[in-house]
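Student: I should like to go through this structure term by term. Please set each value against its definition before drawing a conclusion.

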Amino acid sequence: MARRETPMSWSDHRPPLDGGEIMMRWASAWPGKGRAVRCALTIVGLLFGILASEASAAKRLVVALPAEVVILDPPQYSDLNSERVMSQIFDPFIQVAEDGFRKVPGLVERSEVSSDGLTYTFRLRRGVKFHDGSPWTAEAAKFNFDRQMDKNHPYFGTGTWTRAASYLVPFIDRFEVVDELTLRMVLKVRNALMLDYLSHGMARMASMEAIKKWGKDFPAHPVGTGPFRFVSWEKGVRLVLEKNPQYWGGAPKLDELVFLGISEASARFVAVKTGTADMTIDVPVDELAGLQRDPQFRVDMIPSTQVLFVVFNTKTKPLDDVRVRRALNLAVDKDTIVNEILKGTGVSARGPISPAFGDLFDRNLPGFPYAPDKAKQLLREAGWPADRTLTFNVPESGSGMQAPQAIGTMIQANLQAVGVRTTMRTFEWGAYLTKFRAGEYDLGMLSWNLGVVGDPIIMLSGLLHSGSPPPKGWNSGGYVKPEIDGILDGYRNEFVPARRSDLVRQVQRLTQDDPPWIYVDHQILPVVTSRKVKNLRVHPSLLFLFAGADIEG
Amino acid sequence: VAYFTRRLAMLPVVLVGVALVVFMVMHLVPGDPVLVMLGPEATQESIDALRREFRLDEPVWLQFGAWLGRGLRGDLGYSIRLKRPVLDEVLQKFRATAILAGGALSLAVGLGVGLGLLAAFFRQSIFDRFTMLGVIVSSSLPMFWVGILLMVLVSMRLGLLPAMGMYSAAGSRDWRDLAAHLVLPAVTLALPSVAVVARLTRASVLEMLSEDYIRTARAKGVTEVRIVWHAFRNAIIPVLTVIGVQTGYLLGGAILTETVFAWPGLGTLIVRGVLARDFPLVQGCVLVVAMTFVLVNLAVDMLNGWLDPRLSQG
């Protein structure tokens with residue numbers, strides 16, 4: 001009996017894989033023992049199964065994330081996986097739609113801008129409570145921003161506010177409480193993107209009472225207004241949330257969310273295959289086809305706002321010639337990269353803006369379809385020096401990077417085919433970034449999520465503006481295009497959304513004519529879920545929307 | 001006793017040396033923790049603010065001095081990436097690594113010594129040949145591959161053991177749960193050590209068997225089992241020394257195994273710390289590992305000295 005109990009307890013990772021099934025597997029591991037034994041084992045297993053399902057009425061969803069959560073305080077995070085958990089606990093000040101970056105009513109129901117664009121008035125949702133019971137009020141909202149912006153605020157020292165230095169402090173003068181549910185924001189300078197900043201992950205609202213109670217220890221006791229409440233976090237083991245039945249958007253159907261951090265892609269694959277997890281992302285691309293055929297799983301391919309590209313150092317000789325830059329774009333076979341290396345976890349890029357941006361993406365943009373002959377011709381016209389070898393820097397891995405070395409090798413071969421020799425140099429990510437910022441390359445690969453703050457222009461300003469070389473920004477390739485500078489500068493003063501979309505389309509046209517980069521691909525994130533999981537949606541920012549999800553027992 | 005006091009007194013010197021080397025290496029490697037952490041969104045204002053907060057704008061020797069001063073008071077500083085005290089984090093993860101390395105060590109010693117002894121007893125037999133062949137093969141397999149193979153075979157195909165992690169995602173955290181999760185990573189980690197220990201035990205016992213006192217024993221008509229046992233007690237000294245060295249290997253190898261099996265130990269912490277250039281965290285981890293290594297070797301030496309008093313006279 002003792003031996004039979006052991007596998008039961010070994011496999012109690014999850015209720016859905018019930019005892020009967022395990023006993024069947026256990027039994028089939030001894031094929032020689034005869035039918036009687038197998039029958040007996042099965043019956044015992046079924047009994048255990050009944051007991052196990054009795055104990056597991058709760059609806060629990062186990063998620064295997066590619067890394068463990070780092071911190072649970074909204075203004076302090078800098079990694080996507082922390083935000084994936086925080087977005088369940090905390091709601092953002094300004095809510096965006098489930099399928100894009102449109103602003104919709106959330107904690108703030110309505111916002112009005114004064115005609116000079118300097119004063120915003122926010123009407124807050126009535127009756128919302130934080131998980132600790134304290135009410136959502138204008139005072140609580142002001143507290144959340146003040147503790148990041150105001151060095152004299154009593155709770156300023158309870159964290160490291162790196163984002164406030166870039167997004168809040170330069171633009172916002174002050175917040176004022178008008179009445180219990182009305183908050184006023186006064187700006188120092190006009191900024192049409194202010195609401196985008198306030199929809200960012202650092203502007204998720206935390207309970208004022210909890211911050212006052214815990215101070216520096218708040219990240220260990222996170223309290224927000226979100227669909228799930230924090231229960232426990234055993235570092236390295238699991239992080240548990242439970243449903244917030246009083247959620248203003250309606251109580252979630254799941255009772256419990258469990259997050260595991262599994263950094264190896266193949267281990268994440270094994271985790272969903274064995275039922276250790278109900279859901280994961282980013283499994284090895286070679287396993288995707290098998291999972292798509294497997295009736296137990298569902299694979300959703302989520303287009304992202306990420307772009308992978310190769311920066312030209314336009315300060316070095318033939319790369320200052322626009323014909324050369326066009327030629328190198330035409331020489332790279334993006335479709336093969338996307339299909340053969342990434343196995344469909346990417347879509348060929350036509351420019352910096354991903355189709356996942358929806359209306360902002362210019363559908364009529366031609367891009368640079370693979371045309372090696374045209375590339376050779378352009379290089380001849382430009383007088384490509386046959387003895388020139390380009391240094392091509394590639395990171396080993398890094399934030400948002402998909403198989404950078406394999407892609408780099410492919411690009412190298414493509415360029416070789418049109419007569420452009422390159423030396424590929426690979427660096428570990430930390431060293432790579434330092435080299436990149438120093439401009440020590442002819443070609444340098446990067447991957448950027450342009451949708452981090454919703455509007456892509458915010459990220460593009462740092463990458464393409466001629467006034468953004470390091471240390472100020474990331475334009476270490478020295479790209480200069482006065483028309484683009486003009487658009488980027490004027491963008492913050494353009495309050496009509498349709499006209500802003502127009503400007504984004506103009507940027508795409510300009511970067512088509514005069515490419516600063518080789519456009520490679522936009523990442524598509526494979527989300528693998530057990531078939532039992534229902535109605536789980538993933539936002540283009542690659543956050544998970546668990547509030548409406550369900551699991552069948 | 002004086003010998004061991006001397007050894008013990010050297011411990012702080014060794015640790016400061018290790019800390020200094022780690023500190024220098026981490027600062028010589030190109031890369032900036034702030035850049036890695038903030039990445040694409042970094043603006044100069046936020047980079048400067050963070051650098052000031054972690055005193056990265058000060059000269060390196062000043063940073064080391066400040067770190068050492070705090071370290072002597074038992075404060076290993078704050079992790080740049082995790083924003084938590086390093087000491088808490090390291091001790092928490094060290095427990096997991098110690099369990100894994102301990103499990104692997106027991107396997108390496110138990111299996112290694114057992115197999116080596118049996119092989120010596122049945123020397124030149126089929127059993128001996130097969131064991132030694134198996135031992136060589138298993139020690140030549142890359143850990144990463146063995147780990148994933150075991151995972152696929154035992155967990156996915158047979159569904160016998162959990163594939164990863166230290167505890168189940170749900171349910172209780174009792175010792176049985178832990179033991180079940182420990183089996184695969186411990187076996188993966190232990191395999192090469194089993195090989196080393198088994199081969200050494202066999203060689204060492206065989207060497208002893210050709211000694212004069214064994215011939216005397218044989219002449220007296222002592223049974224073969226007792227003769228091998230007799231030889232073993234003398235043969236174990238070099239084996240113990242190697243086990244001490246293997247502890248270092250196990251702690252190092254744990255980094256790889258932990259990554260494969262998502263074991264929440266120091267390995268993952270160090271790797272992530274190095275990638276993020278999280279100086280305080282890496283120093284804290286290495287310090288704890290170095291201390292363990294030194295202490296284990298000290299314990300082995302003491303054990304050897306107790307088994308063979310001649311050793312501690314030197």
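Student: Why does B:Asp128 count as buried?

Tutor: The model is predicted, so local features need pLDDT of at least 70 and side-chain atom pairs count only at pLDDT 80 or more, while totals for chains, interfaces and linings use all residues. Side-chain values use heavy atoms, without hydrogens and water, residues are numbered from 1 along each chain as its sequence is written, and chains are lettered from A and ligands numbered from 1 in the order in which they are written. Buried means under 20% relative accessible area, exposed over 50%, and partly exposed in between (1.4 Å probe, protein chains only). B:Asp128 has 2% relative accessibility and therefore counts as buried.

Student: What makes the pair of B:Arg202 and B:Asp128 a salt bridge?

Tutor: The term requires a side-chain nitrogen of Lys or Arg within 4 Å of a carboxyl oxygen of Asp or Glu. For B:Arg202 and B:Asp128 the N to O value is 2.8 Å, and the rule is met. B:Arg202 is in helix H8 of chain B and B:Asp128 in helix H6 (residues 126-140), so the salt bridge ties together parts 74 residues apart in sequence. Helices (H or I, at least four residues) and strands (E, at least two) are DSSP runs, numbered from the N terminus. B:Arg202, at 18% relative accessibility, is also buried.

Student: Why is A:Arg509 called partly exposed, and is its partner A:Asp362 buried or exposed?

Tutor: A:Arg509 has 36% relative accessibility, which places it in the partly exposed class. A:Asp362, at 5%, is buried. Their closest N and O atoms are 3.2 Å apart, and the two form a salt bridge. A:Asp362 lies in the loop between strand E14 (346-348) and helix H13 (372-382) of chain A, whereas A:Arg509 is in helix H18 (residues 497-513), 147 residues apart.

Student: Why does the salt bridge of B:Arg277 and A:Glu428 join two chains?

Tutor: B:Arg277 lies in the loop between H11 and helix H12 (279-307) of chain B, and A:Glu428 in the loop between strand E16 (421-427) and helix H15 (429-437) of chain A, so the pair joins two chains. The closest N and O atoms are 2.4 Å apart. B:Arg277 is buried, given its 2% relative accessibility.

Student: How many salt bridges are there between chain B and chain A?

Tutor: The count is two. A:Glu68 and B:Lys93 also meet in a salt bridge, at 3.6 Å from N to O.

Student: How many residues does each chain give to the contact, and what area is buried between them?

Tutor: Contact means heavy atoms within 4.5 Å. Chain B gives 55 residues and chain A 57. Buried area is the accessible area (1.4 Å probe) that two parts lose on being put together, summed over both. Between chain B and chain A this comes to about 4,800 Å², with carbon and sulfur atoms giving 60%.

Student: Why is A:Thr280 called buried, and what does its side chain meet?

Tutor: A:Thr280 has a relative accessible area of 1% and is therefore buried. This residue lies in strand E11 (residues 279-281) of chain A. A polar atom of its side chain is 2.7 Å from the backbone oxygen of A:Ala64. Beyond four places in sequence, A:Thr280 touches residues including A:Arg268, A:Val272 and A:Pro526.

Student: What makes A:Ser87 buried?

Tutor: Its relative accessibility is 13%, so A:Ser87 counts as buried. A:Ser87 belongs to helix H4 (residues 80-89) of chain A.

Terms used
A polar contact is a pair of N or O atoms within 3.5 Å; within protein, one must be able to donate a hydrogen and the other to accept it, and residues adjacent in sequence count only if both atoms are side-chain atoms.
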